[in-house]
Amino acid sequence: MARSWLMTSESVSEGHPDKVCDRISDTLLDAYLREDPINCRCGIETLATTNHVTVAGEVRGPDKILRDVEEMVRATIRDIGYEQLGFDWKDVQIVNRLHAQSSDIAMGVDEGDKGEEGAGDQGIMFGYACNETDELMPAPIQFAHRILRLMAEDRKAGHRPEFGPDSKSQVTLKYADGKPVGIDAVVVSTQHDEDVSQEQVRELVKQYLTKASLEGWEVPEDRLYVNPTGRFVLGGPEGDAGLTGRKIIVDTYGGAALHGGGAFSGKDPTKVDRSAAYAARYLAKNVVAAELADRCQIQLAYAIGMPEPIAIYVDTFGTGKVSEDDLGTRLREMVRLTPRGIREHLGLQRPIYARTSAYGHFGRTPEDDGAFSWEKTDLAGELARSFGHSIAAE
């Protein structure tokens, strides 16, 4: 392994076409969870393009939600900030193609006489944590998210009317001896008003780099690229089509860890693509918080209709203080990794998902209503003690 290297991660804002679709899918999921948190089933996909949104997929829940789909989609687009000629919340065409869940899938997932719900699909899920940041996340993706989140907050508060909803960031950090030590390059592309010059956009963006910078690091002036094409007025679904689930690396660890391939948005917690990825992050974060490793990656594998994971694999990349096999065994004892066990342990059957659809599902602060519960480190003390260790902060 190289002693020094560069690592790059990207983020996209809530107004990016793919993120518009993620937000719509998760907003509809939340509506179903509010009405029937135990029995609802959702696999909702959204497509957005110029003046058009199509919502499709499988659902199970009250029929009245289907009648409210158009209203919820318009409200979501409005909240994101789209009121432009080619994509306006008031007159965008909305097509609803949601339909009932497949009875074959329902038979495998529902509890029935199995005594436990089965996984909603086969697949592999990964969770990751490292001690590079306070959030136990890779530093490049945290920095990239933070830039866009700060810009969006000011835009929506009316402090930066020059910015449009669509934006992207990309951060390259320098690493030495396994730790981030500085910024090599930053790219920010942001939609803007037509009468704002390239120089003005650059100066506005630089303010957010200063606010967002990790460790107070400075961005080299000649390595800062703002709107490299020179103009970004036409944006959002008017400029490029969007789909649910196309930003899975943005949603997770920015390329610093493996990904099983499954997307999150629009899926209820019986879909282990989502719930097991959250559980794997939760377990990995608690391993690092317990100071049993500097880095930890956990893989879970499931078969459709089967409750228990068919495999769990722990990798601490040579930084672990205890056996990885023993860690896997202990973690499985501490958290029941069936879909129901994960849902109940993390409180996932609540309408908490629309807010996850932008700026990352991980590295966020747990909220009072249960959102981002997978970011808690409430297992760390017990986990450390079970291996005869103690946490310095305790």
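Biologist: What joins E2 to E3, and do they run parallel or antiparallel?

Modeller: Nine bridges join E2 to E3, and the two run antiparallel. Two strands pair if DSSP finds at least two bridges between them, so E2 and E3 count as paired. The labels are DSSP runs, numbered from the N terminus: helices are H or I with at least four residues, strands are E with at least two.

Biologist: What kind of model is this?

Modeller: It is a predicted model: local features need pLDDT of at least 70, side-chain atom pairs count only at pLDDT 80 or more, and totals for chains, interfaces and linings use all residues. Residues are numbered from 1 along each chain as its sequence is written, and side-chain values use heavy atoms, with hydrogens and water left out.

Biologist: What connects E2 and E3 along the chain?

Modeller: They form a hairpin with two residues between them. Asn-51 sits in the turn, with a positive phi of about 50 degrees. Across the ladder, Leu-47 has Thr-54 in E3 as its bridge partner.

Biologist: How many bridges let you say that E2 and E11 pair?

Modeller: Two, in the antiparallel sense. The cut-off is at least two, so this pair qualifies. Leu-47 appears here too, opposite Leu-243 in E11.

Biologist: What makes the pairing of the sheet mixed?

Modeller: E3 (residues 52-60) and E6 pair in the parallel sense over eight bridges, while E2 and E3 run antiparallel. Val-55 marks the parallel ladder, with Asn-96 in E6 as its bridge partner. The four strands form an open sheet in the order E6-E3-E2-E11.

Biologist: Why are E6 and E11 called edges?

Modeller: E6 (93-100) and E11 (242-243) each have a single partner strand, so one side of each is left without a neighbour in the sheet.

Biologist: Which helices lie against these strands?

Modeller: Helix H1 (residues 17-35) packs on the sheet and touches E2 (41-49), E3 and E11. The direction of H1 makes about 150 degrees with that of E2. Helix H3 (residues 69-80) lies across E3 and E6, at about 125 degrees to E6. Axes are lines fitted to C-alpha atoms, for helices over the stretch in contact, and angles run from 0 to 180 degrees between N-to-C directions.

Biologist: Why are H1 and H3 called oblique?

Modeller: Their angle is about 135 degrees, with the axes 10 Å apart. Under 35 is roughly parallel, over 145 roughly antiparallel, 65 to 115 roughly perpendicular, and the rest oblique. H1 and H3 are therefore oblique to each other. The residues that meet include Ile-24 and Leu-28 in H1 and Val-73 and Ile-77 in H3. Here contact means heavy atoms within 4.5 Å.

Biologist: What makes H8 and H10 oblique?

Modeller: H8 (residues 272-289) and H10 pack at about 60 degrees, with axes 10 Å apart. That value falls in none of the other ranges, so H8 and H10 are oblique. Among the residues in contact are Tyr-278 and Tyr-282 of H8 and Ile-342 and His-345 of H10.

Biologist: Why is His-345 not called buried?

Modeller: Its relative accessible area is 34%. Buried means under 20%, exposed over 50%, and partly exposed in between (1.4 Å probe, protein chains only). His-345 is therefore partly exposed.

Biologist: What makes the link between His-345 and Tyr-282 a polar contact?

Modeller: Their side chains come to 2.9 Å. The limit is 3.5 Å for a pair of N or O atoms; within protein, one must be able to donate a hydrogen and the other to accept it, and residues adjacent in sequence count only if both atoms are side-chain atoms.

Biologist: And His-361: buried or exposed?

Modeller: Buried, because its relative accessible area is 0%. His-361 lies in the loop between H10 (339-346) and H11 (380-386). Its side chain makes a polar contact of 2.8 Å with that of Tyr-278. Phe-264, Arg-274 and Trp-374 are among the residues His-361 touches.

Biologist: What makes Tyr-359 and Asp-177 stand out?

Modeller: Most residues other than glycine have a negative phi. Tyr-359 has a positive phi of about 70 degrees, and Asp-177 one of about 55 degrees. Tyr-359 is in the loop between H10 and H11, and at 7% it counts as buried. Asp-177 is in the loop between E8 (163-176) and E9 (179-192), and at 53% it is exposed.

Technical notes. Lists of a residue's contacts leave out its neighbours within four places in sequence.
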